[in-house]
Amino acid sequence: MAEVPEYLLERSRQRRVALGVLEDDGSGAAAPGAPAPGAAVAAGPGPAEMIAAAKQAALAETEPAIAPDPEWVVAARTRHRIPVWVLPVLVCLPLWGFVYWKLTEPPPVPITAINEGATTYAVRCASCHGGSGSGSDGSLVGRPLHNGEVLATFPSLDDSFIQWVSLGSEGTGIGRVYGDPNRAGGPHVSGETGSNMPAFGEVLQPHQLYSVARYVREVIGGEDISDEVEAERDAEWEHLGGGSDSGGGGGH
């Protein structure tokens, strides 16, 4: 068998030391047990083993150590998910809240002749006659309606009172007597105060004219009526169209 040159043996030894399959003793010579120069070379690692060892060493040097996940990451990954059935419940919550609110909402106050008349009076009449009907007794421009003044002018709730509210001073005629001509203290004459009564017939419905007349007489004027008369007036207000759009009815 041909001898292997010594420089090839040294090169092989250095290669094996680099791959980690042979320990380097620092002598530059073959390790104990290695064949002497001129001796036959013992069988060593084959090329496949050397390549595998080289790859493993390269991976050990290049792959960084993977740190464990923080506790909060582990908790987030392992926590219980929201059940699927919860989603439709969350979607329906606003609808349920709206229905609950509507069901617990107090019913609207029914419209009656008197509270309809009070609303009309506050909007149309209070600026001249005052909220309490004091009128010119309280430095306003309209005639007083309180303390029975309106009952003295119009002793009954008849067409003459409704006509006065509907037509006003000019519609009735300036200089003409309106109401009871035998009124205590003298009759009232249209336009004599210098502040004319507006006409409300074109801005108020018949049932509103009737209800504001009732309010002025029964609440501001203090008219005392029986239950029978009240029921008759309620029926007349409803006949004129009062309460038809609100579900209300009645007087007080």
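**Notebook: fold, one helix pair, one arginine**

I began with burial: of the 252 residues in the protein chain, 26% are buried. I note that the model is a predicted one.

**Entry 1, overall make-up.** I looked up the secondary structure and found ten helices and two strands in the protein chain. Along the sequence I read the pattern as α-α-α-α-α-α-α-α-β-β-α-α. I then took the contacts with a separation of 6 or more; 58% of them come from residues 24 or more positions apart. For the surface, I recorded about 16,800 Å² exposed by the protein chain, with 59% of it supplied by carbon and sulfur atoms.

**Entry 2, helices α5 and α9.** I examined helix α5 (residues 113-124) against helix α9 (residues 206-220); their axes come within 7 Å and cross at roughly 95 degrees. Angles of 65 to 115 degrees count as roughly perpendicular, so I entered α5 as roughly perpendicular to α9. On the α5 side, I listed Ala113, Ile114, Glu116, Gly117, Ala118, Thr120 and Tyr121 in the contact. The α9 side includes His207, Gln208, Ser211, Arg214 and Tyr215. Sorting the contact of α5 with α9 by class, I obtained nine nonpolar, five polar and three charged residues.

**Entry 3, arginine 143.** I located arginine 143 in the loop between α6 (126-129) and α7 (149-153). Which residues does arginine 143 touch, leaving aside those up to four places away in sequence? I found His129, Gly135, Ser136, Tyr178, His188, Val189, Glu192 and Thr193. With tyrosine 178, I also noted a polar contact of 2.9 Å between the side chains.

Methods:
Residues numbered from 1 in each chain as written. Predicted model: local features only at pLDDT ≥ 70, side-chain atom pairs only at ≥ 80, totals over all residues. Heavy atoms only, no water. Axes fitted to C-alpha atoms, helices over the stretch in contact; angles between N-to-C directions. Helix = DSSP H or I, 4+ residues; strand = E, 2+ residues; numbered from the N terminus. Parallel < 35°, antiparallel > 145°, perpendicular 65-115°, else oblique. Contact = heavy atoms within 4.5 Å. Nonpolar A, V, L, I, M, F, W, Y, C, P; charged D, E, K, R; others polar. Buried < 20%, exposed > 50% of the residue type's maximum accessible area, 1.4 Å probe, protein only. Areas by Shrake-Rupley, 256 points an atom, 1.4 Å probe, with all protein chains shown as cover. Polar contact = N/O pair within 3.5 Å; in protein donor to acceptor, adjacent residues only side chain to side chain.
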